[in-house]
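Please look over the sequence and the structure shown here before reading on. The notes after them are meant for a reader who is meeting this protein for the first time.

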Amino acid sequence: MVHEFGLSPDSGNRVKIVLNQNRTESEGRFNQGHLERLLDVKMFLLDLDGTVYLEDELIPGVSDFIKSLTRRKIPFVFLTNNSSHNTKEYVERLNSFGFPVQPENVLTSGLVTGSFISQKKPGAALYVVGTDSLKEELASFNLKIHSHNSAGVDFVVAGFDTQLTYEKILAACMYLDSGAGFVATNPDLVCPVKHGRFVPDCGSICVMLKNATGREPIFMGKPHTFMVQHLRSRFGLPPSSMAIIGDRLTTDIALGFNGGLTTICVLSGEATVEDIRKSPLKPDFVVHSIDQLNEIF
Ligand SMILES: [Mg+2]
């Protein structure tokens, strides 16, 4: 079963590729075609949790990979669906890991939400079921953040609200019932935390709001392609020249498929070889971790 994907049972961590790009053959090593395809990538999108770090620990090899991209002048952006923190906080976190990243190297689902709404209606009034960090991100687009008893709310925004209260749910239902637009940062039902546990994420909050009001949000984060569209206009590169590296099939790899990107699945987080075998979405490349890409870059 494992061997079907080219991971020979005795190969340990030395095998570099699990599934090749035409999704039918097995390969134990990068061949010339793989090398050319990977070296042709003009921009890398990197998921964070499970791909770059696990909780507070950096995954080995990530620093070298980022250094190589910097040296080769290949742009890279860290992508996250987690909207409980904002761009500024992610930049600080990544800097604390030793990455000299700038805000343009980070894209959160919250930022894409702010960008989307400000294009739909500049200066729109929002009611936010989200953290103070998300509110700060949205306010940076000159969107107005309203309190629970204001009139004239244009959009309800739902995020991964780790400061959720019943009062916020009540207010969101009232605004949705009155016809406000409904935008959500990310569809994830749960967010994995330490010790194999999870906490309810934005998608679960939206299920409650949907059941109460019959309204469904537009989701901004992975696997929907708003992030790719945002990066396309920010960097002026076609999605076909981008590659996404991630550990989740249903978000990272699905985003790659939906957006037409090269997909690289790492086995350092959620997805296992068994998951990939069962999944209808077969990534173009599967590696144990980002470290294996250092042999190319
Ligand atoms: Mg991940």
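What follows is a short briefing on the overall build of the protein and on one pair of packed helices.

The model is predicted, and the protein in it has 10 helices and 15 strands. Two topics are taken up in turn.

**Overall build**

- A compact globule of 297 residues would have a radius of gyration near 19 Å, and because the protein has 20 Å, its value agrees with that expectation.
- Taken along the principal axes, the box filled by the C-alpha atoms of the protein is roughly 65 × 40 × 30 Å.
- Of the 297 residues in the protein, 45% are buried.
- Among the contacts in the protein with a separation of 6 or more, 63% join residues that are 24 or more positions apart.

**The packing of α6 and α7**

- Two packed helices are described by the angle between their axes and the distance between the axes.
- Helix α6 spans residues 166–177 and helix α7 spans residues 202–213, and the two pack at an angle of about 50° with their axes 10 Å apart.
- Because angles from 35 to 65 degrees are neither roughly parallel nor roughly perpendicular, α6 and α7 count as oblique to each other.
- The crossing of α6 and α7 is right-handed.
- On the side of α6 the contact is made by Ile169, Ala172, Cys173, Leu176 and Asp177, while α7 contributes Met208, Leu209, Ala212 and Thr213.
- Sorted by character, the residues of the contact of α6 with α7 comprise 7 nonpolar, 1 polar and 1 charged.

Terms used
Residues numbered from 1 in each chain as written. Predicted model: local features only at pLDDT ≥ 70, side-chain atom pairs only at ≥ 80, totals over all residues. Helix = DSSP H or I, 4+ residues; strand = E, 2+ residues; numbered from the N terminus. Rg over C-alpha atoms; globule rule 2.2 N^0.38 Å. Buried ≥ 20, exposed ≤ 12 C-beta atoms within 10 Å, placed from the backbone. Contact = placed C-beta atoms within 7 Å. Axes fitted to C-alpha atoms, helices over the stretch in contact; angles between N-to-C directions. Parallel < 35°, antiparallel > 145°, perpendicular 65-115°, else oblique. Left-handed = near helix turned anticlockwise from the far one by under 90°. Nonpolar A, V, L, I, M, F, W, Y, C, P; charged D, E, K, R; others polar.
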